[in-house]
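User: I'd like to practise reading a fold from its model. Can you walk me through the features one at a time?

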Amino acid sequence: MAARDLDPALVHARMERMYRPQRAIYDLTRKFYLLGRDPLVDSIPARPGQRVLEIGCGTGRNLVRLGRRCPGVLLCGVEPARSMLELAARRLARRGFADRARLAYATVETLEPLPELGAEAFDHVLASYCLSIIEEPLPALERAVGMLAPGGTLHVVDFGPMDRLPRWAARAMRAWLARFGVRHRPEVRAELARRAAAGEGRLEVHTIAGGYAETLRFTRAARAPA
Ligand SMILES: C[S@@+](CC[C@H](N)C(=O)[O-])C[C@H]1O[C@@H](n2cnc3c(N)ncnc32)[C@H](O)[C@@H]1O
């Protein structure tokens, strides 16, 4: 991997360039093709006192949705596009979550326990259509898993292999996503399966709409493997 792929300054600049012009219409337009987000967010069993972190939280819509259903949960987000982060902060404050929301301007690959997040480990980490846009998803995945408390769960929803869609539809969709540097990342599922096989945790996989998208749920073992 080239060092430049992990240079946070370049990621911040690229994401800001991509998202600033569309921040006002982002949520409306993504509603129709980022499938599986709401069911995944609604299935996160966060209890009062628990800590949730969304990597690449964008406009904060998932954190708001989670906050409404789960009282007393700490809602944290990291986001490298400044304009999206500002939008998320405004939205969380407007919906009355300011006292339990913490946001950080950061990339997941370089994420360390940050004082502004108010927690060093999380009971739930959410990656919603985030890993597919990251140039090198494995270091990002490693940091996301590394932020889990023992027994904590990583919830991923993202584009899938599209293997059961009509071939023309899969081809058109892949070509369109490629224009934004987005693609299915089979290595994410493979790496979580490897960790599960090594006794580091448990993996559940669900396919959505003919492989258009998939959800991966990795629950870290409460104790390190012997
Ligand atoms: C398709 S959007 C998804 C936003 C939100 N999770 C949702 O479900 O609407 C991808 C998000 O990932 C963020 N992102 C891109 N690279 C990132 C990185 N290296 N670390 C953390 N977030 C990143 C982008 O800035 C963007 O907000």
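User: How many bridges join β4 and β5, and in which sense do the two strands pair?

Analyst: The general idea is that strands of a sheet pair through backbone hydrogen bonds, either parallel or antiparallel. In this predicted model, β4 and β5 pair in the parallel sense, over six bridges. To find a register point, look at S128: its bridge partner in β5 is V157.

User: Which strand is on the other side of β4, and what stands opposite V52?

Analyst: β1 also pairs with β4 in the parallel sense, here over three bridges. V52 stands opposite H124 in β4. β1 has a parallel partnership with β2 too, over five bridges, and in that pair I55 has V78 of β2 as its bridge partner.

User: What strand order do you get for the sheet?

Analyst: Chain the pairs together and you get an open sheet of seven strands, in the order β3-β2-β1-β4-β5-β7-β6, with mixed pairing. The edge strands are β3 (101–105) and β6, as each pairs on one side only. From one strand to the next, the twist averages 15°.

User: Where would I look for an antiparallel pair?

Analyst: Try β6 and β7: they run antiparallel and are joined by eight bridges. One of the register points there is R202, with T219 in β7 as its bridge partner.

User: How do I read whether a strand is buried or exposed, say β2?

Analyst: Count neighbours: a residue is buried if 20 or more other C-beta atoms lie within 10 Å of its own. For β2, six of the six residues are buried, so the strand is largely enclosed by the rest of the structure. Then check each face: L74, C76 and V78 are buried on one side, and L75, G77 and E79 on the other. β4 is mostly covered as well, with seven of its seven residues buried.

User: Which helices lie across the sheet?

Analyst: Take α4 (61–69), which lies across β1, β2, β3 and β4 and runs at about 175° to β2. Another is α6, residues 137–146, lying across β1, β4, β5 and β7 at about 140° to β5.

User: What about the nonpolar core: which residues have the most contacts inside it?

Analyst: As a rule, in soluble globular proteins, nonpolar side chains tend to be buried together. The largest nonpolar core here has 56 residues, and those with the most contacts inside it are V52, L66, L75, V125, A127 and A144. Follow V52 outward and, leaving aside residues up to four places away in sequence, you'll find that V52 touches L66 and L75, along with others including I44, A46, F122 and H124.

User: A149 is in β5, so is A149 buried or partly exposed?

Analyst: A149, in strand β5, counts as partly exposed, with 17 C-beta neighbours inside 10 Å. Beyond residues up to four places away in sequence, A149 touches A121, F122 and D123.

User: Which residues should I flag for a positive phi?

Analyst: Look for positive values in residues other than glycine. M162 has phi near 55° and is in the loop between β5 (148–159) and α7 (167–178). A209 has phi near 50° and is in the loop between β6 (201–208) and β7 (213–220). Their surroundings are worth reading too: M162 counts as buried, with 21 C-beta neighbours inside 10 Å, whereas A209 is partly exposed, with 13 other C-beta atoms within 10 Å.

User: Last one: which residues come nearest to the ligand, and which elements supply the shell?

Analyst: Start with the list, then sort it by element and class. There are 26 residues around the ligand, and M15, G56, G58, T107 and S128 come nearest. α1 (8–19), α4 and β2 (74–79) each supply at least two residues of that shell, and the largest share, three residues, comes from α1. By class, the shell has 16 nonpolar, five polar and five charged residues. S128 ties back to the sheet, as the residue whose bridge partner in β5 is V157.

Notes
Residues numbered from 1 in each chain as written. Predicted model: local features only at pLDDT ≥ 70, side-chain atom pairs only at ≥ 80, totals over all residues. Core = buried A, V, L, I, M, F, W, Y, C linked by C-beta atoms within 7 Å. Buried ≥ 20, exposed ≤ 12 C-beta atoms within 10 Å, placed from the backbone. Contact = placed C-beta atoms within 7 Å. Near = placed C-beta within 6 Å. Helix = DSSP H or I, 4+ residues; strand = E, 2+ residues; numbered from the N terminus. Nonpolar A, V, L, I, M, F, W, Y, C, P; charged D, E, K, R; others polar. Pairing = 2+ DSSP bridges. Axes fitted to C-alpha atoms, helices over the stretch in contact; angles between N-to-C directions.
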